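Me: Could you take me through the main features of this model, one question at a time?

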Amino acid sequence: MQSFDVIALKPIADINPSYVEVNFNNACNLKCSYCSPQFSSTWHQEVEKHGAYPTSKPHNDPEHFQGERRPIPNKDPNPWREAFWRWWPDLYKDLKHFRMTGGEPLMDPNTYRVFDYVLENAKPDLHLNVTSNFSVDDKLFNKYIGYVKRLCEGEQIEHFMQFVSLDTWGKQAEYIRYGLDFEKCISRVEQFIKDVPYRSSLTFIITMNNLNIVNLKKLLEYILYLRKTYTKTYQRVWFDTPLLYTPEWQSMQILPNSYSICLEECIEYMNNNLDEMHGFKDYEVLKMQRDLAWMIKGTDDVERKREDFYKFFNEHDRRRGTNFEETFPQMREFWNDCKYRSISRRL
Ligand code: SF4
């Protein structure tokens with residue numbers, strides 16, 4: 001990477017960044033509702049077979065992912081990946097934080113190539129981070145855990161942060177992230193915490209969207225249980241609550257204001273369980289309050305976005321054999337409202 005003279009916009013030196021995040025390819029076994037063929041090969045297969053989703057502007061249209069936008073399959077030559085591996089030995093010496101996302105990194109041979117390199121070239125100041133859906137098959141997961149154990153023994157690295165993408169609880173979590181095995185995912189969360197007891201932590205990435213909030217408190221209860229059970233000398237369990245902006249029909253901002261009670265209950269629960277090590281932290285509460293304020297602010301063009309909500313999930317149920325009304329009984333009134341808007345526009 002080159003450093004620039006910002007006045008003359010001329011490169012003045014070659015420097016290596018200390019923080020690097022990579023997405024080697026789009027191989028993924030899930031097709032989460034808010035994802036796309038760019039990041040998930042399973043999404044790619046679906047739209048190749050069934051076409052775009054019939055929202056007001058066709059969504060995840062396979063035509064869009066052609067030419068330069070076509071994700072390069074793992075088995076094909078990939079000049080970007082090859083350039084990365086040429087750079088890697090030089091980059092590695094200056095790295096402090098390296099994060100692998102996806103796709104699903106546990107399915108990617110490049111992840112294990114990085115691990116092999118780190119095992120052969122210990123770097124005691126390195127923070128190694130991997131984001132996963134924790135839903136790959138057992139053989140692959142056991143291989144992965146074996147590697148992480150070896151990386152965290154001794155002084156190979158400074159710290160390993162495991163990011164796990166999970167938005168809410170049970171069947172609703174499985175609906176949002178199609179292909180997720182919820183029970184398997186949470187049993188692996190505990191396996192990870194127990195099997196890798198040193199130099200590691202786990203962070204839930206909870207994408208805040210209009211489907212995860214009705215049962216979010218259950219996930220927070222589970223996080224509290226994990227902190228009380230497994231945090232001893234340093235915090236083992238973290239979570240982050242980034243907002244979903246797109247697709248816009250899955251944003252919290254299209255919900256009626258009555259849904260704010262879901263987040264208000266979460267905030268109350270967190271406030272009742274404040275504790276630096278074994279409870280919630282004040283800045284976590286503040287972030288949830290900011291998420292709530294953003295949700296209440298609302299958005300424009302709500303009618304069209306609600307119509308798209310119905311069009312997308314109605315098609316989702318048809319293609320994938322899911323059932324929105326059975327999975328989200330608390331949202332029946334909202335569903336019917338979106339359905340009515342969508343159907344009445346066609347009449
Ligand atoms: S696990 Fe990640 S990459 Fe795979 S479909 Fe879900 S969001 Fe996309």
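Reply: The turns below deal with the ligand site, a helix pair and some backbone details. This is a predicted model, in which local features need pLDDT of at least 70 and side-chain atom pairs count only at pLDDT 80 or more, while totals for chains, interfaces and linings use all residues. Residues are numbered from 1 along each chain as its sequence is written, and side-chain values use heavy atoms, with hydrogens and water left out.

Me: Which residues surround the ligand?

Reply: A residue is near the ligand if one of its heavy atoms lies within 4 Å of it. By class, this shell has 5 nonpolar, 3 polar and 2 charged residues, where Ala, Val, Leu, Ile, Met, Phe, Trp, Tyr, Cys and Pro count as nonpolar, Asp, Glu, Lys and Arg as charged, and the others, Gly among them, as polar. The residues around the ligand are C28, L30, K31, C32, C35, F39, S40, G103, N133 and R177.

Me: Why are α1 and α10 described as roughly perpendicular?

Reply: Helices are DSSP runs (H or I, at least four residues), strands likewise (E, at least two), both numbered from the N terminus. Axes are lines fitted to C-alpha atoms, for helices over the stretch in contact, and angles run from 0 to 180 degrees between N-to-C directions. Angles under 35 degrees count as roughly parallel, over 145 as roughly antiparallel, 65 to 115 as roughly perpendicular and the rest as oblique. The axes of α1 (residues 41-50) and α10 (residues 302-320) are 13 Å apart, and the helices pack at an angle of about 90°, therefore roughly perpendicular to each other.

Me: Which residues of α10 are met by W43, E46, V47 and H50 in α1?

Reply: Contact means heavy atoms within 4.5 Å. The residues of this contact divide into 3 nonpolar, 1 polar and 3 charged. On the α10 side, the partners are F312, R319 and R320.

Me: What is omega for the cis peptide bond that joins G102 and G103?

Reply: Most peptide bonds are trans. G103 lies in the loop between β5 (97-101) and α3 (109-120). For the cis bond joining G102 and G103, omega is about 5°.
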